[in-house]
Amino acid sequence: KKRHEEEEISLRDKSLQLSTEIYLMCTDHSTTLNSHESKIEGLKVALEQESSRRLELEEHFALVDRNNAAIKFEEEQLQLIAKKEEEAKQLLHQGARGLQKLFRGLVARELVDKLKKQ
């Protein structure tokens, strides 16, 4: 009977020890789990902020692309205008030279007619 009592005491001690270990493991696991949950929440917040920032940047870069396209179009238009202005200028110079030729020819003919009359 004594041996059974000692064995029972030993088993109760062992059961208590195991219960304590299980409690400590559960507490440690709970602490670790809470820590991981906090990290996950922090990562979710960071992800939301980065997603928001990414959308802002996408909008900004789309605006930059539109502005660059508008600038390119305007530069092409300015080049066309400059080319047409240069063509108009050349045409004006050619017309002026033609008028000068006609005027000088008229003056020369008048001079020749005057000389012939003398």
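**Exercise 1.** In this predicted model, determine whether Arg53 is buried, partly exposed or exposed, and identify its salt-bridge partner.

*Solution.* Step 1: the relative accessible area of Arg53 is 47%. Step 2: buried means under 20% and exposed means over 50%, with partly exposed in between. Arg53 is therefore partly exposed. Step 3: its side chain meets that of Glu56 in a salt bridge, at 3.4 Å from N to O. Step 4: both residues lie in helix α1, three residues apart, which is about one turn of the helix. Glu56, at 41% relative accessibility, also counts as partly exposed.

**Exercise 2.** State how many salt bridges the structure holds, and describe the one that Arg54 forms.

*Solution.* Step 1: the structure holds four salt bridges. Step 2: Arg54 pairs with Glu58, and the closest N and O atoms are 2.8 Å apart. Step 3: Arg54 and Glu58 are four residues apart in helix α1, about one turn of the helix. Step 4: Arg54 has 45% relative accessibility and is partly exposed; Glu58, with 42%, is partly exposed as well.

**Exercise 3.** Decide whether the protein chain is spread out or compact in comparison with a globule.

*Solution.* Step 1: the secondary structure consists of one helix and zero strands. Step 2: the radius of gyration is 50 Å, whereas the globule rule gives 13 Å for 118 residues, so the chain is more spread out than a compact globule. Step 3: along the principal axes, the C-alpha atoms fill a box of roughly 170 × 15 × 10 Å. Step 4: of the 118 residues, 1% count as buried.

Methods
Residues are numbered from 1 along each chain as its sequence is written. This is a predicted model: local features need pLDDT of at least 70, side-chain atom pairs count only at pLDDT 80 or more; totals for chains, interfaces and linings use all residues. Side-chain values use heavy atoms; hydrogens and water are left out. Helices (H or I, at least four residues) and strands (E, at least two) are DSSP runs, numbered from the N terminus. The radius of gyration is taken over C-alpha atoms; the globule rule is 2.2 Å times the number of residues to the power 0.38. Buried means under 20% relative accessible area, exposed over 50%, partly exposed in between (1.4 Å probe, protein chains only).
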